Amino acid sequence: MAVGEVGAGEAVFGSEKGGGGARGGRLRRTLLASLIAAAVIVPVSAAASAQAPAPSPAVFAEGAPARNRYAANRDNIAEAARMAQDADRSGRAGRLRAMAAAGTEQFLIFDGRGRGRAVEVFGELETADRIAVLVPGSDTTLDTYERFRSGAVSLHQRLRAGHARTAVVAWLGYDTPGTVSTTVLTGRRAGEAAAELGPFLDRLPDMAAPAARISLLCHSYGSVVCARTVTGPTVGDMVLYGSPGTGAGSARELPTAARVWAGRGGGDWIADVPHVRLGGLGFGTDPVAPAFGARAFAAGGGGHSDYLKPGTRSLDALAAIVLGIDPAPVAGHA
């Protein structure tokens, strides 16, 4: 799910509170069958809609300075907005113009084709020694990008209050699954995304301050992506929040040496539906369950869309992890 967005598709994956025994098994299968049926029927009209035209992404030489990438991608966004407007896609054109309205935006990657991809930096990456990389979940596209961006801005402002040399990278670097679709039930899109995210994380330290520490912050379906991403030694923390599960049985199974954290807001609907894995559908063990073995942090009482909202306990906890400070633990968590 996108930061600041709630949808029905991931509602099939929740906590283990959904009942036990045969009755619980029937409930889980019914939920999965219902979602699959909706996924087949609902997207038909959307799939037929025309895509807005856009230029090919800018191509950079290996090691190109970040400032060169920023300038070229601002130009690419402006051209994509013009092409969308000429094609009578005024909604997409307006959203693209809003993405680069200030003229100083910092996009490392931009691709306006299809659902779109964008990787935006907040702060001075070249001098940052604490970097948070946000990975969103389903239905995060160029058309819903502003909600994802607002969470990144909120986190960066909170980080700067505690440490000046910080940066946040909003990584929309993959084709997210639709909220109501068969793809959101499986790890296929997550696997494709992990193949992009891992190399990006490997290259990121070359653009940052020496010995910069990276934290990977993974929301909802984004936690499935992170759980499949091989990370190097510069990634110190992996944080799973609002997670439908990862497909792994425990934190020890994840391909990372980073500390693995998990948190869920008290008002997050994902707690009230079953965490299951049936025939390759679903993502199994709840990351906030003690058996998963992640470091639990208190995420406050917010809902699925609220983790990065200003003034929330969840935002404070995520910022603390990025800054290398242990957040408040969950009471009674083993």
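Trainee: How are α5 and α8 oriented to each other: roughly parallel, roughly perpendicular or oblique?

Mentor: Good place to start, and keep in mind that this model is predicted. Helix α5 (residues 145-162) and helix α8 (residues 313-322) pack with their axes 10 Å apart, at an angle of about 60°. Roughly perpendicular covers 65 to 115 degrees and roughly parallel means under 35. The two helices are therefore oblique.

Trainee: Which residues of α8 does α5 meet?

Mentor: From the α5 side, the residues in contact are Ser-154, Leu-155, Arg-158 and Leu-159. By class, the contact has five nonpolar, one polar and two charged residues. On α8, the residues met are Leu-315, Asp-316, Ala-319 and Val-322.

Trainee: Now to the sheet. Which strands stand at its edges?

Mentor: The sheet is open, with eight strands and mixed pairing, in the order β1-β2-β4-β3-β5-β6-β7-β10. An edge strand has a single partner, so one side of it is left without a neighbour in the sheet. The edge strands are β1 (107-111) and β10 (295-296).

Trainee: In β10, what is the bridge partner of Ala-262?

Mentor: Strand β7 (residues 259-263) runs parallel to β10, and two bridges join them. The partner of Ala-262 in β10 is Ala-296.

Trainee: At what angle does α5 run to β4?

Mentor: Helix α5 lies across β1, β2, β3 (130-135), β4 (166-172) and β5 (213-219). Another helix, α3 (residues 66-86), lies across β1 and β2 (117-123), running at about 30° to β1. For α5 and β4, the angle is about 165°.

Key: Residues numbered from 1 in each chain as written. Predicted model: local features only at pLDDT ≥ 70, side-chain atom pairs only at ≥ 80, totals over all residues. Heavy atoms only, no water. Axes fitted to C-alpha atoms, helices over the stretch in contact; angles between N-to-C directions. Helix = DSSP H or I, 4+ residues; strand = E, 2+ residues; numbered from the N terminus. Parallel < 35°, antiparallel > 145°, perpendicular 65-115°, else oblique. Contact = heavy atoms within 4.5 Å. Nonpolar A, V, L, I, M, F, W, Y, C, P; charged D, E, K, R; others polar. Pairing = 2+ DSSP bridges.
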